[in-house]
Structures are given as structure tokens and as C-alpha cells.
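Q: I have a structure open and want to go through it at the bench. Can you take my questions one at a time?

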Amino acid sequence: AAYRLRYQAAEKAADLRDFEIQVKNFATESERQQQSLAAIREKLESCQQLSVQAAASWKAEEGKEEDRKAADAQVLRFEGFTGQIDDLQAARQQSEKLAAVVRQQVAVKEKAEADLTALRQSLQSQQQRQQQLVAEAARAAQLQVKVAELELQTKRLQTSAALEQQVQASREIFSRRQTDFQAVDKLYQQMATECERLQHLFQEGQAALLAADLKTGQPCPVCGATKHPQPALSKQLIPREAEVRAAGQRRLETEKSRTAAQRSFEEAKAKLESLEKQLAESRQEGSKGESLPAIVAELEKTTAEAAAAGAAATEIQLIQPELEKMAIAEKLQVQQVQNAAESYQQVSGQYQAALAVERERENVLPEDCRDSKKLLAAQQTSRQWQKNLYEALETARRQKQQADQDLAAAMAAEKA
């Protein structure tokens, strides 16, 4: 009986645990369902908001119908300008082509006029040259006389210049030889004085020299006395005979040098006086107040003028045929200028007509569409505007449709 009681108690305890487990599981499942329901309701609320927003966006895009119509009209308008811009481009190309022709004709006309001006200037220059040559030919004889006079003056001045150089050189030689003569003469005077002094001392000292050799008891070679109470004495140094002879020889050699220097000095003096006399005579005969470089320059200039004047007659004969050719060329060039002017007027008229056509075709188009690039850009902009409007409408429609589907699904989930 005790065992059965314990068994029954154990069964009751087991049932109680199972019940607790079932209650706990039910509570967990209930919480999960509550959470799922909250999520479903949150999603439903989000879908409702998105549906409202999508509906507002769709309504806003539907309200842009006028903009879509305006975009469609603008696209059609710009597409219609394509043919007209092609006509305008063709007119502009024609104008540019004729403008190039006009510029070319202007260049031809200006070149023809410039050539004519240059030809006339050359012709005028040649005519002036012809007049100058005629005048130069008339001056030829006068220039030849002047050349002869200048040549004579040049020779005289050249002679004077050469004499001046010779006089200057002779003066230098004279000065040197005068200095040499003065130096040799001074030396000669010194040598003569020295020689006379030595000869005087030598003569006065002969007695002293004899007295120096006297001895008592021996006879004097002069007087024969054997006693010498007062022998002769010399107060100065007595030169030897060899010194006296050498001094005489030096004086003789110096005298020869002096004679040669004096002769050279006198020759230089005579030559200098002769050259100075010739120079004075040359200066008296030559031009006064004129320098040799000035006369030579004038001679060269006059000689060149005389040569040109002498060749003037020959050059006149050569210029005359050239002048005739230039006169003919001038007439031909005048005709070319006239032809160029006529061609320019004709092309200019065609160009003005082309410009009129271009302006007429420009007036048909709006100002911002007269350029093909600007028109293309405008067409692209209008097409993009149109595309953006229709794409925005389609996007709003799809978003609304999707939002409605999501909202219906969320409501069905909540009911479930």
C-alpha cells in the first residue's frame, strides 16, 4: 500500500511537470505570435505610409501633364529646324566661299596696283636719272680741267709733305751730329789741356829728376860740379815721358774724331739749310691754307664725277630703250589694274547677294538656333527633358503599384 501511494504520488508529480512544460511552451509560443503580430502591424503601417507617398508622387507626376506637352512641343519644334539650319549652313558656306574669292580678288587688285605704282616710280626714277646724265655730260669738260688743277696741287702738296719729312729727319740728324760734335769737342779740349799740363810738368821736373840722381863727389851732368849744396826739388808728381807721349797720342786721336764730327756736323747743317730752302720755295708755289688729305679727297671725288660724267653719254643711250619698254609696260599694267577692278566688282556683287540670302535664312530661325552646334545642344536638352518627365511618370506609377501590392499583402498577413 505504501508503495502504491508513492507510485501515485510520483505519477501526479510527473503530470504536474508535463503541465508546467506545456504552460511554458504555450507562453513562449504566445510571445512569439505577439512579436510576429507586432512586426506585421509595423510593416503594415510602413506599407500604408509608402502607399500614401507613392500615391502623392503619382498624383504629382500626373499633374505635370502640361510640362510633358510643352516638352513634346519643344522637341517637335527643334526637330523642325533641322532642314532650315541645313539651308542656313549651305548659305553660309557659299558666303564664305565667295568671301575667299573676294579676298583673292582684293589681293590681285592690290598687287596689280602696287606693281603699277612701283613701275611708275621706277619710270620716274629713270627719267630723273636721264636728266641727271644729261647734266653730267655737260659738266664733263669742266670736271676734267678741275681734275688737272687738283692733280697739280696734289703733286705740289705731296712734294711739300715729302720735303717736310726730309727736313724733320734732317733736323734730327743735325741735332744728333751737333750734340756729337759738341761732346767730341769738349773731350778734345779736355785732352789738349791735360796734355799741355803733363808736358809742362814734365819739362819743369827734368831738373828735379837729374838732382834726384846726384851723389856727393860725382860731377853734375849739367854743370860738372862735384858738390851739390842746393839740388833742384819738385813740389808735384812728375809724369813720366811715356805718360806724356800717351797723352799726346790721345789728344791726336781725339782731334781726328773732332775733325770728323765737325765735318759731319757741317754737312748736316748744309743739307738742312738746303732742304729748308726747297721747302720754303715749295710752300710759296703750292696752295695756301689747304691740306693734302683735303686736296686728295677732292681729287678722288672730282675724278669719280668726271668719270661718271664721261660715261653719261653712253648710259643715256642705254637708258632710252629701257624707258620706252617701261612706258609700254605701264600701259599694260594699267589695263591689268582695270581688269582686276572689274573682277573685284563682279565678285563683290555676288558676295553681297550671298550675304543677303544668308541673312534671310537667319531671320527664319531663332537667334539661339542659328548655329548647328547650338541647335544640336538644344535638341538634346529638349529630348532629355522629355525623357526625364516620362521616366518620372512611369517610375511613380510603378512605385504606386508596388506600394499597393505590398499594402495588400501586409493586410492579408494581419488578418491571417
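A: To start with a term, pLDDT is the predictor's confidence in each residue, from 0 to 100. This is a predicted model, so local features need pLDDT of at least 70 and side-chain atom pairs count only at pLDDT 80 or more, while totals for chains, interfaces and linings use all residues. Residues are numbered from 1 along each chain as its sequence is written, and side-chain values use heavy atoms, with hydrogens and water left out.

Q: Which helix has the lowest mean pLDDT, and which the highest?
A: Helix α3 (residues 206-212) has the lowest mean among the elements, 62, and α4 has the highest, 83. The protein averages 78, and 76% of the residues score at least 70. Where pLDDT is low, the predicted coordinates should not be read in detail.

Q: How many helices and strands are there?
A: Six helices and zero strands. Both are DSSP runs numbered from the N terminus: helices are H or I with at least four residues, strands are E with at least two.

Q: How much of the protein is buried?
A: Buried residues are 23% of the 416. Buried means under 20% relative accessible area, exposed over 50%, and partly exposed in between (1.4 Å probe, protein chains only).

Q: What is in the largest nonpolar core?
A: Eleven residues: L163, V167, F174, F181, V184, A261, F265, A268, L272, L275 and L279. Helices α2 (65-204) and α4 (241-285) each supply at least two of them, and the largest share, six residues, comes from α4. A nonpolar core here is a set of buried Ala, Val, Leu, Ile, Met, Phe, Trp, Tyr and Cys residues joined through side-chain atoms within 4.5 Å.

Q: What does V167 touch?
A: Leaving out residues up to four places away in sequence, V167 touches L272, L275, E276 and L279. Contact means heavy atoms within 4.5 Å.

Q: What about the second core?
A: That one is separate and has seven residues, including L119, I319, L323 and M326.

Q: Switching to S51: buried or exposed?
A: S51 counts as buried because its relative accessibility is 11%. The residue lies in helix α1 (residues 2-62). Apart from neighbours within four places in sequence, S51 is in contact with A403, D404 and L407.

Q: Now charges. How many salt bridges?
A: The count is 13, taking a salt bridge as a side-chain nitrogen of Lys or Arg within 4 Å of a carboxyl oxygen of Asp or Glu.

Q: What does E330 pair with?
A: E330 forms a salt bridge with R120, with the closest N and O atoms 3.1 Å apart. The pair links distant parts of the chain, 210 residues apart: E330 is in helix α5 (residues 292-364) and R120 is in helix α2. R120 is partly exposed, at 40% relative accessible area.

Q: And K387, what is its partner?
A: E391, with the closest N and O atoms 3.9 Å apart. K387 and E391 are separated by about one helical turn because they are four residues apart in helix α6 (residues 372-415). K387 is partly exposed at 45% relative accessibility, and E391 is partly exposed at 40%.

Q: Which residues are networked with E394?
A: E394, R397 and R398 are linked in a network of salt bridges. In the E394 and R398 bridge, the closest N and O atoms are 2.9 Å apart. E394 is partly exposed at 28% relative accessibility, whereas R398 is exposed at 53%.
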